[in-house]
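Here is a short tour to read with the structure open beside you. Take the sections in any order you like.

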Amino acid sequence: MQTRRSFFKTLGATGTGFVGATTSASASSTPEADNSQLAMLYDATRCIGCKACMAACKRVNTRAGALEVEQAAFDEDALWDAPAELSGKSRTIIKLHRDEEEWSFVKQSCMHCQKPSCVSACPVKAMHKDPVTGIVQYSRDTCIGCRYCQIACPFNIPKFQWDKNNPQIVKCDMCISTNLRDKGTTACAEACSAGAILFGRRGDLLKEAHRRIERKPSRYYPKVYGEHEIGGTNHLYIAGLPFEKIGLPTLGTEAPATASEEIQHTIYKGFFAPVALYAGLCAVAVRNMRRNGNGDPEPSGEDPGAADESAKR
Amino acid sequence: MSHHEYQKVEGRIFSRSFFILLTFVLIGMSLIVVRFVKGIGAVSNMNDGYPWGIWIAYDVATGTAIACGGYAVAILVYIRNHMRYHPLMRSCILTSLFGYGLAGFSVMVDLGRPWNAYNFFLPSKWQFNSVMFEVALCVMAYSMVLLIEFLPAILYSLEKSKWVRFRRFMDWLHPRLVPDKKAVLDKIERVQAGAGWLRPRLEKILIFIIVLGITLPTMHQSSLGSMLLIAPTKLHPLWHTPMLPLLFLINAIFMGYSIVIFESIISSYSFNRPYESREIAGVSRVIPGFTVVWMLVVFGDLAYRGQLGAAFSMDHLSLWFLAQMVLVGTGSFLLLGARGPSSPRRSPRRLFISAALILVGGAVYRFNVYLIGFDPGQGWSYFPSLAEIMITVGIVSLELLGYLVLVKMVPVLPKAHGAPPLQTQNA
Ligand code: SF4
Ligand code: SF4
């Protein structure tokens, strides 16, 4: 498969939202973004790659999220939990991105988009964005397992349990029924001793992100990932490397869900068009029937079906 | 609806093709059992990058387009008022019914949590932003409509049939197993009377159902295109365009007309019936209009979005794109330029080739949108597994099997006029 890098680049180049992203925190957020929602900030320059967040997530969410320990091939005694990718067993992962001279850790988990594609796609409201907290939650009691959310998510976050006969979608829900409820913060943020994961309100975290960049410009790539991408995300990133180098897709500022819903709504606004189409077609069809002499005459006499039958015997 | 336009196909139900198909059905069904016991991953190569495989790309996205014959001919007959195509209606509706049945069945295999599918019927769960919600409800409604459209044929058979097979079955059963022959025959009479009562009443309002059967596919065939609108970063710009709904709609219509030709010629050949040459030649004349508009929209849209270069860059995606255009283009070109129905260009062989080319081209387009042009990012790949393919083959065989049996029990095919094409063995 060829990569889609070049395409992402053109998309990014057209995104005007990048301009002025570094000037001031309050002015730079997209107008629709709700900064009071719950959010997380991941600072790749502080992450030491200890994976305590991964362990904490699995410890806390295994039951509620149907997670599982993943055994590595070399690890015959099952000493470690060693996921290689996000999967139906793991909600969050720390990866190392490295080329000849530079390297960086990066955390991968649900971005809790302001205008999430997965929610827009889900046909039965099994993906749901809480309007107050902004958390994108999943309900396995409603989900039909169609996997449209996987198709829709630009970050490839929702994962499906391919090896189970009662599979479900797995993705971060900010510990809504576990750590967040019990301790008021996410398990990963609580576990991080390096200050690489912060939990709070989006507005505060954006300010903190820009403050960090401003104080040590040499240390950071001068943008906050997630501030404008696809209408803003509640999981924000700052890093020492350009974001495409640490595996974050280069995306425009418009949420794909907005565009697709617009087209769908133009066609189905108030169900007017389909009803009009039906009425119009009915009128034509009925007129045609009248013209043809009020439909077809009733069949009379011997019918072919019965004739066939008797002929056969 | 005039019933003497149609006739049953003669011949044994348990023919050789019946048992061949049955074998495929049984293989497919056993694999489906494996899928429900061990999970989708046990039989399929689908993965988190390619969460939709051929069950969606073929069975649903392409299968329902192939099942658009009923839709396309209904437009011709009831909207454009060409009553002479009416004899084609019934077999088209039946194949549409089976095609949509196939899609529905596949979806049930493909869904991870099918037991939750009842949520589609709970208004509190309705999600109007979801294209899939629209497609799902529309397809379910359309399947019901097709069933009602086909009902007169069944009622007619119930009413007029002498119940030969059933009687023979009763005679064949051990006398002790047959409860009371007289009572059973009485019941049959009552069923016949009921069918006779219901049919004319149903036929009076049938036109409103038929028009519903034109409206619903217009809606969901376009929405099948809208389905991928939400993934602009994954679907290649050759195919991701706001025009997707329009392109899928036109594509469904010309595939619908092509399948009518294709199927008519195949069933003439295999049931040893005369070709419906006049009708299919007429239908073939409608096709180029749709394909030409479709190709113009495709290229116009590419030019507008500045993607023409990608179309001719000759990388593997561009080749798939060109394949889709060349197939549809060649098929339509073969149809153009012939005037009268007796022109050599209207020979069944020629029409068959055209229809097949257009069908394959249209199907390639749908595969391009749902699978080939879909790239979730580095590191993901998908090619269907053998088991996955065999499940699809099994479901398609089930569909063919149902068709084979039904055309022998219910008058479905147009009444034959003229001589049979070839003296071949019965299917
Ligand atoms: S990152 Fe993906 S799964 Fe998470 S909210 Fe956004 S679209 Fe949904
Ligand atoms: S898989 Fe479940 S959560 Fe995802 S879109 Fe389908 S129903 Fe919604």
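## Charges and overall build of chain B

In chain B, the 36 positive and 21 negative charges have mean positions that lie 7 Å apart. Please keep in mind that this is a predicted model. Chain B holds 13 helices and two strands. Its radius of gyration is 23 Å, close to the 22 Å that the globule rule gives for 427 residues, so chain B is as compact as a globular protein of that length. If you want a feel for its dimensions, the C-alpha trace of chain B spans about 75 × 55 × 40 Å along its principal axes.

How much of chain B counts as buried? The share is 59% of the 427 residues. Contacts that link distant parts of the sequence are also well represented: taking contacts in chain B between residues at least 6 apart, 82% join residues at least 24 apart. The surface that chain B exposes comes to about 17100 Å², with carbon and sulfur atoms supplying 70% of it.

## Chain A in outline

Chain A has eleven helices and nine strands. Of its 313 residues, 52% count as buried. When contacts in chain A between residues at least 6 apart in sequence are considered, 60% join residues at least 24 apart. The accessible surface of chain A is about 14500 Å², and 54% of that belongs to carbon and sulfur atoms.

## Helix α2 of chain B

Now zoom in on α2 of chain B, which covers residues 54-66. This helix has 13 residues, yet its end C-alpha atoms are only 15 Å apart, short of the 18 Å that a straight helix would reach at 1.5 Å a residue. Eleven of the 13 residues of α2(B) are buried, so the helix is largely enclosed by the rest of the structure.

Which residues of α2(B) are buried? Among them are I54(B), W55(B), I56(B), D59(B), V60(B) and T62(B). As for neighbours, the buried residues of α2(B) pack against α1 (16-38), α4 (89-110), α7 (181-226), α8, α12 and α13 (386-409) of chain B.

## Helix α11 of chain B

Helix α11 of chain B runs over residues 316-335 and has 20 residues. From first C-alpha to last it reaches 29 Å, close to the 28 Å expected at 1.5 Å a residue. Its buried residues include L317(B), F321(B), L322(B), M325(B), V328(B), L334(B) and L335(B). They pack against α8 (244-270), α9 (277-304), α10 (308-311) and α12 (348-372) of chain B. An α-helix has 3.6 residues a turn, so residues three or four places apart point the same way.

Is F333(B), which lies in helix α11 of chain B, buried or exposed? With a relative accessible area of 57%, F333(B) is exposed, because exposed means over 50%. For a sense of scale, F333(B) and R165(B) are 168 residues apart in sequence, and their C-alpha atoms are 48 Å apart in space.

## Two positive phi angles in chain A

Most residues other than glycine have a negative phi. A66(A) has a positive phi of about 55 degrees although it is not a glycine. You will find A66(A) in the loop between α3 (52-65) and β2 (93-98) of chain A. At 18% relative accessibility, A66(A) counts as buried, because the cut-off is under 20%.

N156(A) also has a positive phi of about 55 degrees, and is not a glycine. N156(A) sits in the loop between α5 (148-152) and β6 (159-160) of chain A. With 12% relative accessibility, N156(A) counts as buried.

## Q161 and P274 of chain A

Q161(A) belongs to the loop between β6 and β7 (169-170) of chain A, and at 3% relative accessibility it counts as buried. What does Q161(A) touch, not counting residues up to four places away in sequence? The partners are A66(A), G88(A), N166(A), P167(A), Q168(A) and V170(A). A66(A), met above for its positive phi, is thus one of the residues that Q161(A) touches.

P274(A) is found in helix α10 (residues 272-291) of chain A. P274(A) is buried, with a relative accessible area of 6%. Leaving aside residues up to four places away in sequence, P274(A) touches I267(A) and Y268(A), and also T215(B) and M219(B). By contrast, the C-alpha atoms of P274(A) and A33(A), 241 residues apart along the chain, are separated by 34 Å.

Key. Residues numbered from 1 in each chain as written. Chains lettered and ligands numbered in written order. Predicted model: local features only at pLDDT ≥ 70, side-chain atom pairs only at ≥ 80, totals over all residues. Heavy atoms only, no water. Helix = DSSP H or I, 4+ residues; strand = E, 2+ residues; numbered from the N terminus. Rg over C-alpha atoms; globule rule 2.2 N^0.38 Å. Buried < 20%, exposed > 50% of the residue type's maximum accessible area, 1.4 Å probe, protein only. Contact = heavy atoms within 4.5 Å. Areas by Shrake-Rupley, 256 points an atom, 1.4 Å probe, with all protein chains shown as cover. Lys, Arg positive; Asp, Glu negative; His and termini not counted. Charge placed at Lys NZ, Arg CZ, Asp CG, Glu CD. Expected span 1.5 Å × (residues − 1).
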